[in-house]
Amino acid sequence: MTPPRNPLRSCTRAAILLATLACGGVRTAMAAELEVLHYWTGGEYAGALTLLHGRMAEQGHDWRDAGGGDAQADAITLLRKRIAAGNPPAAAQMMPVDAIGQWGRQGALGGIDRLARDEGWDKLLPAAVAATLKYRGSYVAVPVHVHRNNWLWMNAAVLARAGVRAPGTWQEFFAAAEAIRRIGVVPLAHGGQPWQNLHLLETVVLGSAGPAFYRRALVELDPAALASPDMERALQTFRRLKRYTDIRRPERDWTTASQEVIRGVAGMQLMGEWAGPVFADAQAAGRLDYACAAAPASAPSYIFALDSVVTFKVAAAKAPAQRDFASALMSPPVQRQLNLAKGALPVRLDADLAPFGRCAQASGAAYRLAARGGTLVPSMGVAVAPAVVEALQAIVTDYWRDDRMAPRTVVARMIAATGRRP
């Protein structure tokens, strides 16, 4: 899972980053209108958008925002209306699963497969990532950001006071949690929102049963895997985590939980890579010494969340702008600067991570290792239909809130929500 909105990020680096593309553009022989529907509206996106606008202008294209508001749901609603009217934009930002199957079956998707072949995307991207960007074997979407979901963030001072190290297993995690609680600190900061609960369960399933089981249960939604003892054990571990959270403060934003770690009122947080900039900024301000590590027992596996831009059928006169836009998004300078500004990782396997922080560099190394080892798995937000994800969020949240609910009850409800029969 990924959060509905990433934290606001300062764009003070934007002016410095502009120089990267200032002299790199080559004006295309066929300039055209480029209409992009996106929800990159927060201050953290300003520098990256300036980079892309500049690149398109240098190539002679006229970029026009198609709207979309500041939320993914608003953008999807507008996109549906545009497609129904037979007037889709050239490109639209969204999670791949929101588009690939649905719009592909309607014949609405554009094709950038020739560009992908020319630029060697199959070698630049892990197979697991590339698969989410294709329809019937052809590229129809461009990856923008990748995040690692299975991260553990820690207040180093709290761990030192408790006399514990970063836990590598669930047994070590619970031992550390007990030690942290003994010094009067909440061991685990957790917001308890439905998307956070499902995100936490993903991490637990990966760490307790491994990537192969994770794929069967949470990507393929195999009823036999969901009904297995492995899933029940994962649900029991998930419930055990609740004991170490502040249950008096349910339903709060993940950034609020991160601030509890920063202030030292909580010791750890199981949250995706998007939390990294929050902790890095606090450390830069002298308010935190933090540590990051793979979530317990989950290394070397890597749950990835992916942000992408999907392309749609456009008139022949607009195709050059669409192609150049897709190429720019995948180019090393834009991948680097977009992700430095946002606090995410470039999707390309050959990306230069030297400008990134230590946790991002560690995540990048883990991303490449997981790609080579076949342990790179998508988050449910990437791989599973949104309606099913929403249903599972509600079920898992009911289980989180109700200590009387049995794991078998949860499993039965999950299988029913997937629409799959045992």
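A residue counts as buried when its relative accessible area is under 20%, as exposed when it is over 50%, and as partly exposed in between. The legends below use these words for close-up views of a predicted model.

**View 1. A salt bridge between D246 and R248 pairs a buried residue with an exposed one.** The side chains of D246 and R248 meet with a nitrogen-to-oxygen distance of 3.0 Å. D246 has a relative accessible area of 12%, and because this is under 20% the residue is classed as buried. R248, by contrast, reaches 71% relative accessibility and therefore counts as exposed. Side chains of opposite charge can pair when their charged atoms come close.

**View 2. The side chains of R404 and D402 form a salt bridge.** Here the nitrogen-to-oxygen distance is 3.2 Å. R404 is exposed, with 76% relative accessibility, whereas D402, at 24%, is partly exposed.

**View 3. E33, D62, R64 and K318 belong to one network of salt bridges that share partners.** Within this group, D62 is bridged to R64, and the closest N and O atoms of the two residues lie 3.0 Å apart. Both ends of this bridge fall into the intermediate class of accessibility, since D62 is partly exposed at 36% and R64 is partly exposed at 44%. Over the structure as a whole, the count of salt bridges comes to 17.

**View 4. A disulfide joins C292 to C359.** A search of the whole structure finds one disulfide, and in this link the two sulfur atoms are 2.0 Å apart. The angle about the S-S bond is -105°, and the link of C292 and C359 is left-handed. The pair connects distant parts of the chain, with C292 in strand β10 (residues 290-294) and C359 in helix α18 (residues 358-373), 67 residues apart. On the helix side of the link, C359 is buried, with a relative accessible area of 6%. A disulfide is a covalent bond between the sulfur atoms of two cysteines.

**View 5. Helix α11 packs against helix α20.** Helix α11 spans residues 194-219 and helix α20 spans residues 386-401, and the two pack at an angle of about 85° with their axes 8 Å apart. Angles of 65 to 115 degrees count as roughly perpendicular, and α11 and α20 are therefore described in that way. On the side of α11 the contact is made by P194, W195, N197, L198, L200 and L201, while α20 contributes V389, L392, Q393, V396, T397 and W400. Sorted by class, the contact of α11 with α20 contains nine nonpolar residues, three polar residues and no charged ones.

**View 6. F238 of helix α13 touches residues that also take part in the packing of α11 and α20.** F238 is found in helix α13 (residues 229-242), and with 0% relative accessibility this residue counts as buried. Leaving aside residues up to four places away in sequence, F238 touches N197, L200, L201, V204, V396, Y399 and W400. Among them, N197, L200 and L201 are listed for α11, and V396 and W400 for α20, in the contact between those two helices. Y399, another of the residues touched by F238, is 161 residues from F238 in sequence, yet the two are 9.6 Å apart in space, C-alpha to C-alpha.

Terms used. Residues numbered from 1 in each chain as written. Predicted model: local features only at pLDDT ≥ 70, side-chain atom pairs only at ≥ 80, totals over all residues. Heavy atoms only, no water. Disulfide = S-S within 2.5 Å. Helix = DSSP H or I, 4+ residues; strand = E, 2+ residues; numbered from the N terminus. Buried < 20%, exposed > 50% of the residue type's maximum accessible area, 1.4 Å probe, protein only. Axes fitted to C-alpha atoms, helices over the stretch in contact; angles between N-to-C directions. Parallel < 35°, antiparallel > 145°, perpendicular 65-115°, else oblique. Contact = heavy atoms within 4.5 Å. Nonpolar A, V, L, I, M, F, W, Y, C, P; charged D, E, K, R; others polar. Salt bridge = Lys/Arg side-chain N within 4 Å of Asp/Glu carboxyl O.
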